[in-house]
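Visitor: I'd like a close look at one part of this protein, the helix with the stacked aromatic rings, and at whatever its side chains meet. Could you walk me through it?

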Amino acid sequence: MSNYSYSKEINRSSVVLCEFDMSTVREIFKNLFEFYDPKVKAEIFDSFCEDFYDLAKSIPASSERIWRMIITDMLFNYDEKGYLEANTTDNSIKRKQFAIMANVIIGKLRANQ
């Protein structure tokens, strides 16, 4: 156990993202919110996409785990502010929903290797 390092474990699961622009981000989230709950409120959609784009462009990390945590946290922040329309108030269910959504987002942004 003395050789275990959490930081090394995080760095093992690196992800290479494709080049993306604002229109790509909008298309990803448009499709995502059509099929998954919760949904971002229509009047906030553009702002949400811009926030995600700015965030994604400023993150130098290549760890898939870090990306999932950041995306999940962003969704929780929007939920706390009342910008998401959710069918549940149970945070454990939301956590699972947000984790699924984060995996889908990463999958859409992953560069074809």
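Guide: Let's start with F33, which counts as buried at 7% relative accessibility. Keep in mind that this is a predicted model. F33 pairs with F29, and the two rings are stacked, with 5.8 Å from centre to centre and 25 degrees between the planes. The planes count as stacked because the cut-off for that label is under 30 degrees. Both residues sit in helix α2, four residues apart, which puts about one helical turn between them. F29 is buried as well, with a relative accessibility of 1%.

That pair has company. F29 and F33 belong to one aromatic cluster, together with F48, F52, Y78 and Y83. Across the whole structure, a search turns up eight aromatic pairs, and the F29–F33 stack is one of them.

Now look at a charged residue of this helix. Helix α2 covers residues 22-35, and R26 lies in it. The side chain of R26 makes a salt bridge to D46, at 3.3 Å from N to O. D46 belongs to helix α3, residues 45-58, so this bridge ties together parts that are 20 residues apart in sequence. R26 also forms a salt bridge with E50, where the closest N and O atoms are 3.8 Å apart. That still makes the list because the limit for a salt bridge is 4 Å. E50 is in helix α3 too, so the R26–E50 pair links parts 24 residues apart in sequence.

How buried or exposed are these three? R26 is partly exposed, at 29% relative accessible area. D46 is partly exposed at 42%, and E50 gets that label at 38%. So on this helix you have F29, buried at 1%, and R26, partly exposed at 29%.

For some context, six salt bridges are found in the whole structure. Another of them joins R110 to E64, with 3.2 Å between the closest N and O atoms. R110 lies in the segment after α5 (91-109) and E64 in helix α4 (residues 64-80), so that pair ties together parts 46 residues apart in sequence. R110 is partly exposed, at 31% relative accessibility, whereas E64 counts as buried at 17%. Back at helix α2, bridges with shared partners join R26, D46 and E50 into one network.

Next, follow the chain to the end of the helix and beyond. F35 is part of a nonpolar surface patch with Y36 and I100, and together these residues have about 320 Å² of accessible area. Y36 is in the loop between α2 and β1 (39-40), and its relative accessible area of 30% makes it partly exposed. That loop also holds P38. The peptide bond leading from D37 into P38 is cis, with omega near -5 degrees. Most peptide bonds are trans, so that one is worth finding on your screen.

Two more side chains are worth a stop while you have the model open. K57 lies over the face of F20, at 4.9 Å from the ring centre. Then there is K94, which is placed in helix α5. K94 is a lysine that counts as buried, at 8% relative accessibility. Leaving out residues up to four places away in sequence, K94 touches F76, D79, A86, T88 and T89.

Finally, step back and see where all this fits. The protein has five helices and two strands, and they run in the order α-α-β-α-α-β-α along the sequence. Of its 113 residues, 35% are buried. If you take the contacts with a separation of 6 or more, 73% are between residues 24 or more positions apart. The protein exposes about 7200 Å², and carbon and sulfur atoms supply 49% of that area.

So, for your close look at helix α2, there are two things to trace: the stacked pair of F29 and F33, and the salt-bridge network of R26, D46 and E50.

Methods
Residues are numbered from 1 along each chain as its sequence is written. This is a predicted model: local features need pLDDT of at least 70, side-chain atom pairs count only at pLDDT 80 or more; totals for chains, interfaces and linings use all residues. Side-chain values use heavy atoms; hydrogens and water are left out. Buried means under 20% relative accessible area, exposed over 50%, partly exposed in between (1.4 Å probe, protein chains only). Patches are made of residues with over 30% relative accessible area and no salt bridge: like charges are joined within 9 Å, nonpolar side chains (Val, Leu, Ile, Met, Phe, Trp, Tyr) within 5 Å. Accessible areas come from the Shrake-Rupley method with a 1.4 Å probe; for residues, only the protein chains shown count as cover. Rings of Phe, Tyr and Trp (its six-membered ring) pair if their centres lie within 6.5 Å; planes under 30 degrees apart count as stacked, over 60 as edge-to-face and the rest as tilted. A charge sits over a ring if NZ of Lys or CZ of Arg is within 6 Å of the ring centre and within 35 degrees of the ring normal. Contact means heavy atoms within 4.5 Å.
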